[in-house]
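Here are my notes on this one. Have a look at the model before reading on.

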Amino acid sequence: MKKIFFVTIIFFTSTSNSFAYLDPGTGSYLLSLIAMILAGIVSVYAFLKLKIKNFFNKFKKKKDENLK
C-alpha cells in the first residue's frame, strides 16, 4: 500500500514539458461546453423540482377530498 502511494505521489509531482497547441477555437469551445453543462444542471433541477412538487400535491389533493 505504501509503495502504491509513493508511486502515485512521484507520478503527480514530476514535471515534463508539454508541447500542446491551443487554437483560437478552443476558448469558444470551452465556453460553449460550460454553457451546456449549466443549462443541463438548470433543466434537471427544474424537472426534479416539478416532479417532487407534483408527487406531494397528489397527497394534498387526496387529503382535501377526504375532508369534504
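The points below go from the overall fold to single side chains.

1. Some ground rules: this is a predicted model, with pLDDT of at least 70 needed for local features and 80 or more for side-chain atom pairs, while totals for chains, interfaces and linings use all residues. Numbering starts from 1 along each chain as its sequence is written, and side-chain values use heavy atoms, leaving out hydrogens and water.

2. The chain comes to two helices and zero strands (DSSP runs, H or I of at least four residues for helices, E of at least two for strands). Helix α1 takes in residues 2-13 and reaches 16 Å from first C-alpha to last, close to the 16 Å expected (1.5 Å times one less than its number of residues).

3. How much of the chain counts as buried? Of its 68 residues, 0% do, where buried means under 20% relative accessible area, exposed over 50% and partly exposed in between, with a 1.4 Å probe and protein chains only. α1 fits in here, with zero buried residues among its 12.

4. About 7,200 Å² is exposed by the chain, and carbon and sulfur atoms supply 71% of that (Shrake-Rupley method).

5. Ile 34 sits in helix α2, residues 25-67, and is partly exposed at 48%.

6. There is one aromatic pair. The ring centres of Phe 55 and Phe 56 are 5.3 Å apart with planes at 75°, so the pair is edge-to-face (centres within 6.5 Å; planes over 60 degrees apart, against under 30 for stacked and the rest tilted). Phe 55 is partly exposed, at 44%.

How values were computed
Phe/Tyr/Trp six-rings, centres within 6.5 Å; stacked < 30°, edge-to-face > 60°. Areas by Shrake-Rupley, 256 points an atom, 1.4 Å probe, with all protein chains shown as cover.
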